[in-house]
Amino acid sequence: MQIATPYLMFLGDVPDRLAAKTAYGINDWRPEWCVGQLRMEGCAADLGIPDLTLEEAVAKGCKTMVVGVVNAGGVLPEHWVKEIVAALNAGLDVASGLHVRLGSIRTIAEAAERNGRALHDVRHTTETFPTGKGTKRPGRRLLTVGTDCSVGKKYTALALERGMRERGFDADFRATGQTGVFISGRGVAIDAVVADFISGAVEWVAPAAEPNHWDLIEGQGSLFHPSFAGVSLGLLHGAQADAFVVCHEPTRSRMRGVEAGLPSIQEVIDLTVRCGALTNPKIRPVGIAVNTQALSEAEARTVLREAETAHGLPATDPVRFGVDGIVDRIAAEFPA
């Protein structure tokens, strides 16, 4: 799948920043591709890049409008269809990470054919995956896991890729969600894979490698989330992780989108070790990544100190304070 850049980021009328996390992720890690944003009335998200009309976006060289939103069930709201059709009529391709296929909506499919434009459904792959085998394979793998969904697992894996490469590690980010695929250009949206093949798809994403090569695998959901635990478990088994980093958002009391309470960091560590041992008995935690965006710097540093003391692991906000401490721990635990 080759998606033409640069992008116009479509945010629709989403109610908050988290609902546009795909757009934020692409803009944060590939800002050179994001020329502007298109927002509908009532949109509560703002990437901080220029608001453009379709005509302005085309004039500035945009090639693809990216539907940069997520929602429960991955549905495409009916009132967004006319905006997508208008983009196709203006000469743009359209790419989406939602579950619904763009081409399954008649008016969108007709507009794409009429204008000779491409539709990209990033969440859907043409790859055929085997069932996972759990057979030991060479190379080293780190998985980011979470106390909840949308807590920074992707950002942590990307920050670790950057930090480890700067320190001389042979390390690659491995995408398992639609935003990660947009950013890396390779991967598979694990939550769109038939359940029997999830672990096999992760074995494909992070295959056998050189002994000292690290695959930094983007986590999804949470083992404790009533909606997404199945995806998280299949991902854990397929990753055959040597190491994991727990990602956490400290201001939440309940898991996103449900009434279930948030598990503790220690509960996540314990369950990850217990379940991950099925395919790698030596799995171990190497750090804690805390999303401190809602905290002052003083509050953030206090939370991180407390986490380090409680769990005996380096704790950081990868975006705010970097990942040097976690990279130090990886180097110590896994000498070349």
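A residue counts as buried here when its relative accessible area is under 20%. Keep that cut-off handy as you click around this predicted model.

**Stop 1: T179**

Select T179, which sits in helix α6 (residues 178-184). Its relative accessibility is 3%, so T179 counts as buried. Now show what surrounds it. Leaving out residues up to four places away in sequence, T179 touches K21, T22, G25, I26 and K154.

**Stop 2: the start of the chain**

Jump to T5 and P6. The peptide bond between these two is cis, with omega at about 5 degrees. P6 belongs to the segment before β1 (7-12).

**Stop 3: helices α3 and α4**

Next, colour α3 (81-89) and α4 (residues 106-115). How do they run relative to each other? Their axes come within 9 Å and cross at roughly 5 degrees. That angle is under the 35 degrees cut-off, which makes α3 roughly parallel to α4. To see the contact itself, show V81, I84, V85, L88 and N89 on the α3 side, and T107, I108, A111, A112, R114 and N115 on the α4 side. Sorted by type, the residues of this contact are seven nonpolar, three polar and one charged.

Stay on α4 a little longer. Which of its residues are buried? They are I108, A111 and A112. Looking down the axis of α4, you'll find these buried residues within an arc of 100 degrees, so they line one face of the helix. There's a simple rule behind this kind of pattern: an α-helix has 3.6 residues a turn, so residues three or four places apart point the same way. The cover over the buried residues of α4 includes α3 and β5 (119-121). Spin the view to the face turned away from the buried side, and you'll meet the exposed residues R106, E113 and R114. Before leaving, click on G116, which follows α4 and has a positive phi, near 65 degrees.

**Stop 4: S150**

Move on to S150, in the loop between β6 and α5. Check its backbone: phi is near 55 degrees, a positive value in a residue other than glycine. Is S150 buried or exposed? Its relative accessible area is 15%, so S150 is buried.

**Stop 5: helices α7 and α8**

Now pick out α7 (residues 198-205) and α8 (residues 229-239), whose axes come within 7 Å and cross at roughly 45 degrees. α7 and α8 are therefore oblique to each other, and their crossing is right-handed. Where do they meet? On α7, select I198, S199, V202 and E203; on α8, select G230, V231, G234, L235, G238 and A239. The residues of this contact divide into five nonpolar, four polar and one charged.

From α8, step into the loop that leads to β9, where you'll find Q240. Here too phi is positive in a residue other than glycine, this time near 50 degrees. With a relative accessibility of 0%, Q240 counts as buried.

**Stop 6: G261**

Carry on to G261, in the loop between β9 (243-248) and α9 (265-276). G261 counts as partly exposed because its relative accessibility is 45%. Which residues is it in contact with, leaving aside neighbours within four places in sequence? Show S253, R254 and M255. You can also draw a distance from G261 to D148: they are 113 residues apart along the chain, and their C-alpha atoms are separated by 9.7 Å.

**Stop 7: helix α12**

Finish at helix α12 (residues 324-333), where the buried residues are I326, V327 and I330. They cover an arc of only 100 degrees around the axis, which puts them on the same side of α12. To see what lies over them, add β6 (140-146), α5 (153-166), β8 (213-217), β9, β10 (284-290) and β11 (315-316), which are among the elements covering these residues. Then turn to the other side of α12, where D324 and A332 are exposed.

Methods: Residues are numbered from 1 along each chain as its sequence is written. This is a predicted model: local features need pLDDT of at least 70, side-chain atom pairs count only at pLDDT 80 or more; totals for chains, interfaces and linings use all residues. Side-chain values use heavy atoms; hydrogens and water are left out. Helices (H or I, at least four residues) and strands (E, at least two) are DSSP runs, numbered from the N terminus. Buried means under 20% relative accessible area, exposed over 50%, partly exposed in between (1.4 Å probe, protein chains only). Contact means heavy atoms within 4.5 Å. Axes are lines fitted to C-alpha atoms, for helices over the stretch in contact, and angles run from 0 to 180 degrees between N-to-C directions. Angles under 35 degrees count as roughly parallel, over 145 as roughly antiparallel, 65 to 115 as roughly perpendicular and the rest as oblique. A crossing is left-handed if the near helix is turned anticlockwise from the far one by less than a right angle, and right-handed if clockwise. Ala, Val, Leu, Ile, Met, Phe, Trp, Tyr, Cys and Pro count as nonpolar, Asp, Glu, Lys and Arg as charged, and the others, Gly among them, as polar. The arc is that of the directions from the helix axis to the C-beta atoms.
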